[in-house]
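Good morning, and thank you for making time for this item. I would ask you to look at the structure on the screen while I speak.

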Amino acid sequence: MSDILKVENVTLQFGGVKAITDISFNVKEGEICAVIGPNGAGKSSMLNVINGVYLPQIGTVTYDGVERKSINPRDAAIAGMARTFQNIALFQGMTVLENIMTGRNLFMKSTWLEQGLNIGRAREEERVNRLAVEKVIKFLQIESIRKTPVAKLPYGLQKRVELGRALVAEPKILLLDEPMAGMNLEEKADMSCFILEINKEQGITTVMIEHDMGVVMDISDHVVVLDYGKKIGDGSPSEVMANQDVIDAYLGVSH
Amino acid sequence: MIYRETGNFVTNYFKDREIFPMKFDKVVVILGLLFLFLYVPTTSEYFLSAHVIPILAVGLATVGLNILTGLTGQLSLGTAGFMCVGAFGTYNLMLRVPDYLMSLPVALLLSGIFAGLVGVVFGLPAIRIKGFYLLVSTLAAQYFVWWFFNSYAWFLNYESSGVVAIAPKFYDYWGLGNLLGVDMQGYPARYLLSLVVCIGLSYFAKNLLRSNTGRNFMSVRDRDIAASVMGISVPKAKLLAFFISCFYCGVAGGIYSFLYIGNVDLMIYEVDRSFTILFMLIIGGLGSISGSWLGAIFVYEFPIVFTWIGDFIFQGAFNTAVVENVSNMVYGVFIIALLIREPGGFAALWATTKQKLRMWPYPH
């Protein structure tokens, strides 16, 4: 299968701090790629570079056949990238339904005048997009909380709503930043099921940052390991597990 | 009939999106509209001119500010300035455009658009700055507009006193008054026009709030980075919010000058009024259209009721200075109390009441 995403020689600096140094890796279409590494390794920064929240100083990101030095987040969304955030970035003042409906904003073509008058296209769009949203709500099993303000929900459900908001945009590639952080075993199992189903049934390529090695080794097809902003391992889960640099980074080396 | 969801079955997505989903609500709204359209115009001229029409005008400005501050999260202190643009715009359109082309409703609409465009210009800094810093830009709008109209006497038709009374011919409405045999300059007609505009624009705002545009605005308010990652153009959303908000303020300014006080006077649109409208918004509840109206009624009526109490119970013991100071203190106390107990303002209190009614008498 072809590569949907190619990161080439990316370096990202904040002032004097090098968050990412000369990283390259490829993500194949249809795979689950896990990005792992100790805290501060540059994983979230990598995701932010891919969808344009950060601009790298050096390097290019090739997505869907187009090589770009930088992209702005809106264009990334239009090109079919959706993502979730490490520290949940839901719209706190809105209900679950409204949050997920926001994920459909690129499908809404009616003007604000039509929406204000609630006529024609605007009315029909609300119905059609609500249908798409309800499918995702059903898939994630959050029917009972659809009209609850997200601020009132427990953490695990908020993570699920955020996944729904990304999913409803019908992306080609889904970037998940620690989808299982802070969850108990059961919630992790649920979330793994959702991710696998999204990937296998709907064929959405997934790039995921995750700390839970059990989950990573079980569900991912491809693992990229970062440490101190550098890539130290890249390959299938079993290859990475056998990689001496990775073992050293996680377990430490004797001096 | 009790306030109950039971028996109101939602069978399609249109029904689920209704503004008034419950039968009880619908009945109350229809009765309310009948009351506003049929009974209120027959009340006294004093009641209409001193209570109802000014509340409609400032309430509409509060709804406008709500779109900007409550929905999109952009703080503004330029409300009175944008109202001023609306008032002067309406006056100049009525004065300078030939009568057969221009009538008050058209002039209100056009001057609202002017005010909206002025708002977009002063909203440009919002693309780069957030929160309290934006207050500086909008405060600049307030003072700039004020200075501008003060400096160029052309806008007041070279009236040396700084105040122009509005000529009776401006209430002509292309001869509609003569046709119907109604005094269009009288307060009942003025009231009905403002009422129609206010209900129409409130409906528009409510629709925006529950549609994609409103969700985009709220997402910019809550998390602008997440919004841009979802594909929402944050600068566009902010500028659109400025345009719509200032359009409302402009129309409100036109109503205030033409349908309430009957003259165009710069002194009305000083920065104090921007603050008053901000108080109305905060007390009424950020992000709620009905809250804006509740806040406007409370803040506008409080000094009047307070004076009335002074006159009847304490034989006129309160002079205007006392009333003004006490009012400001009360607004302050209300804002502090609401921020601590109920940040959603009156609108949230009202929502809680409705929720309790829904459960009554078995709250579990």
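I shall go through the domains of chain A, then its sheet, and finally the contact between the chains. Please keep in mind that this is a predicted model.

Let me begin with the domains. Chain A is divided into domain 1, which takes in residues 1-80 and 171-255, and domain 2, which covers 93-165. Taken over C-alpha atoms, the centres of domain 1 and domain 2 of chain A are separated by 28 Å. Seven residues from domain 1 of chain A and six residues from domain 2 of chain A make up the contact. On the domain 1 side of that contact, α2 (73-78) and α7 of chain A each supply at least two residues. By character, the residues on this side of domain 1 of chain A are five nonpolar, one polar and one charged.

I turn now to the sheet of chain A. Here six strands form an open sheet with mixed pairing, and their order is β6-β7-β8-β3-β9-β10. Which strands stand at the edges? They are β6 (81-83) and β10 (230-235) of chain A; each has a single partner strand, so one side of each is left without a neighbour in the sheet. From one strand to the next, the twist averages 15°.

One pairing deserves a closer look. Strand β3 (residues 32-36) and strand β9 (residues 222-227) of chain A run parallel and are joined by four bridges. Within this pairing, A:Ala34 has A:Val223 in β9(A) as its bridge partner.

Two helices of chain A may be described together with the sheet. Helix α1 (residues 43-50) of chain A lies across β3, β6, β7 (173-177), β8 (205-209) and β9 of chain A, and runs at about 150° to β7(A). Helix α7 (residues 185-202) of chain A lies across β3, β7 and β8 of chain A, and its direction is at about 150° to β8(A). As noted for the domains, α7 of chain A also supplies at least two residues of the side of domain 1 that touches domain 2.

Finally, the two chains. How many residues of chain B are in contact with chain A? There are 26, and they meet 30 residues of chain A. On the chain B side, α1 (13-16), α8 (187-209), α9 (212-222) and α10 (224-229) each supply at least two residues. The largest share, eight residues, comes from α9(B). This side of chain B consists of 11 nonpolar, 10 polar and five charged residues.

Thank you for your attention.

Notes:
Residues are numbered from 1 along each chain as its sequence is written. Chains are lettered from A and ligands numbered from 1 in the order in which they are written. This is a predicted model: local features need pLDDT of at least 70, side-chain atom pairs count only at pLDDT 80 or more; totals for chains, interfaces and linings use all residues. Ala, Val, Leu, Ile, Met, Phe, Trp, Tyr, Cys and Pro count as nonpolar, Asp, Glu, Lys and Arg as charged, and the others, Gly among them, as polar. Two strands pair if DSSP finds at least two bridges between them. Axes are lines fitted to C-alpha atoms, for helices over the stretch in contact, and angles run from 0 to 180 degrees between N-to-C directions. Domain bounds come from an automatic or database domain assignment.
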